[in-house]
Amino acid sequence: MATTNRDYYEVLGLARSADDGEIKRAFRRLARELHPDVSDAPDAEERFREVTEAYEVLSNSETRALYDRYGHEGLRSGGFRPTQFDMGGLSDLFSAFFGDDLFGAGGGTRRARGADIGAEVEIELAQAATGVTLAVPFEVAVTCATCGGDGVEPGTQPTTCPRSVFGEFVRTQPCPQCSGRGVLIEHPCKTCDGVGRVVERRELNVDIPAGIHDGQRIRISGEGHAGVLGGRAGDVYVLVHVKRDARFVREGNDVFSQVDLTIAQAALGAKLSVETLDGPVELELPAGVQPGEVRVLRGRGMPVLQGFGRGDHRVLVNVRVPRRLSEAQRKLLEELEATSDEHTYAAEESFFDKLKSAFR
């Protein structure tokens, strides 16, 4: 849930027409002022989180469009959750957001945030209605247990790079010998070949919330690839696919299904068992029910994602016309037709009214 209800543009001091460059510059400026590394103000951490949240929303075209149209409530309904930062160094923060360092290239040994991982799961519509926890397998780079991530074979020590001055570089580009680390590894770790990380297969239990839509992603912070030289791990993004259900069609939080009646059932009325997400429900249809009519089962649809209540289940009535008739059946229908008058088929609403009601 969003941590602030203040207008995000106001938080960053921007007009709603601000472009991506203006948003980035505003965040950089405020982050330098408010990060606990540099500010002694008692509310610095709270204001910094507020600024970070605003940047996270407005720098992403999808969440920005959702916020511009529906505000904070739209973000909550869409499943947005602000990233929980660990208040690490300001340099690490800028690396995580922009892929660079606040203090420029060089500067000796630097940590780097690990890369993110993408995974996919496929669930049934019924599971999307109730929520489900699934084990999601993926391959991830983790810190080497043998060397602790420094890439050096245990029992040996790295040497200072001869191109550095006391281990701190004054060049504006990384050293070609040590890649900017300031040290040379003469005896790399045999387990990870000096990389400091190894790849292993993991399985993560992911809680998929009730009401999730097909194509939405779930972010699990800090479970991605391990960072370099102690940098924080990346995140895992799980893309959720919801299978088509032969019984229902989903539209937003509503579900639609169809019930088939014979002409006799439509004329005389009928009680039928209708399948819903919660199981079978008895539906009573009055005499004279027309094809194309929609009966609404309130609160029998999909749950509202990260919200309250449920959508509706809308049942579309279809009347099946017999294709093959016996002689006796034909005579009965001919007799019905012969004894019918304008009152027998009196219309309560036009075809177009019924068509519109089917999509309400």
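1. The expected span of a helix is 1.5 Å times one less than its number of residues. The structure discussed here is a predicted model, and its helix H8 offers a first use of that rule. H8 has 12 residues, and the distance from its first C-alpha to its last is 16 Å, close to the 16 Å expected.

2. The surroundings of H8 deserve a separate remark. Zero of the 12 residues of H8 are buried, so this helix lies largely in the open. Burial here requires a relative accessible area under 20%. Leucine 333 belongs to H8, which covers residues 327–338. With a relative accessibility of 31%, leucine 333 counts as partly exposed.

3. Leucine 333 also takes part in a surface feature. Together with Ile263, Val321, Leu325, Leu336 and Tyr345, Leu333 forms a nonpolar patch on the surface. The accessible area of these residues together is about 530 Å².

4. Helix H3 may be set beside H8. H3 comprises 15 residues, 44–58, and should span 21 Å at 1.5 Å a residue; its end C-alpha atoms are 21 Å apart, which agrees. Is H3 enclosed or in the open? Of its 15 residues, 11 are buried, so H3 is largely enclosed by the rest of the structure. The buried residues include Phe48, Tyr55, Val57 and Leu58, and also the glutamates Glu50, Glu53 and Glu56.

5. One open sheet is built from three strands in the order S1-S7-S6, with mixed pairing. S1 and S6 are its edge strands, each pairing on one side only. On average, neighbouring strands of this sheet are turned by 25° against each other, direction ignored.

6. Within that sheet, S6 and S7 are antiparallel partners over four bridges. Arginine 219 stands opposite tyrosine 237, which lies in S7. Strand S6, residues 217–220, has two faces: Ile218 and Ile220 make up the covered one, whereas Arg217 and Arg219 make up the uncovered one.

7. A further open sheet contains four strands, ordered S8-S9-S13-S12, and its pairing is also mixed. Strand S8 (249–251) and strand S12 (294–297) form the edges, and each pairs on one side only. From one strand to the next, the twist averages 30°. S8 pairs with S9, residues 254–262, in the antiparallel sense over three bridges. One bridge joins glutamate 251 to its partner in S9, aspartate 254.

8. Charged contacts form the next topic. Side chains of opposite charge can pair when their charged atoms come close. The count for this model comes to 21 salt bridges. Which parts of the chain does the pair of glutamate 124 and lysine 243 tie together? Glutamate 124 lies in the loop between strand S1 (117–123) and helix H6 (125–130), and lysine 243 in the loop between strand S7 (236–242) and S8, so the pair ties together parts that are 119 residues apart in sequence. The closest N and O atoms of this salt bridge are 3.2 Å apart. Glutamate 124 counts as partly exposed at 35% relative accessibility, and lysine 243 counts as partly exposed at 34%.

9. Another salt bridge joins glutamate 275 and arginine 247, with the closest N and O atoms 3.6 Å apart. This pair links distant parts of the chain, 28 residues apart: glutamate 275 is in strand S10 (residues 270–276), and arginine 247 is in the loop between S7 and S8. Glutamate 275 has a relative accessible area of 36% and is partly exposed. Arginine 247 is partly exposed as well, with a relative accessible area of 40%.

10. In the salt bridge of arginine 295 with glutamate 293, the closest N and O atoms are 2.8 Å apart. Are these two residues buried or partly exposed? Arginine 295 is partly exposed, with a relative accessible area of 27%, whereas glutamate 293 is buried, with 16%. Elsewhere, Asp7, Arg16, Arg64 and Asp68 are joined into one network by salt bridges that share partners.

Technical notes
Residues are numbered from 1 along each chain as its sequence is written. This is a predicted model: local features need pLDDT of at least 70, side-chain atom pairs count only at pLDDT 80 or more; totals for chains, interfaces and linings use all residues. Side-chain values use heavy atoms; hydrogens and water are left out. Two strands pair if DSSP finds at least two bridges between them. Axes are lines fitted to C-alpha atoms, for helices over the stretch in contact, and angles run from 0 to 180 degrees between N-to-C directions. Patches are made of residues with over 30% relative accessible area and no salt bridge: like charges are joined within 9 Å, nonpolar side chains (Val, Leu, Ile, Met, Phe, Trp, Tyr) within 5 Å. Accessible areas come from the Shrake-Rupley method with a 1.4 Å probe; for residues, only the protein chains shown count as cover. A salt bridge is a side-chain nitrogen of Lys or Arg within 4 Å of a carboxyl oxygen of Asp or Glu. Buried means under 20% relative accessible area, exposed over 50%, partly exposed in between (1.4 Å probe, protein chains only).
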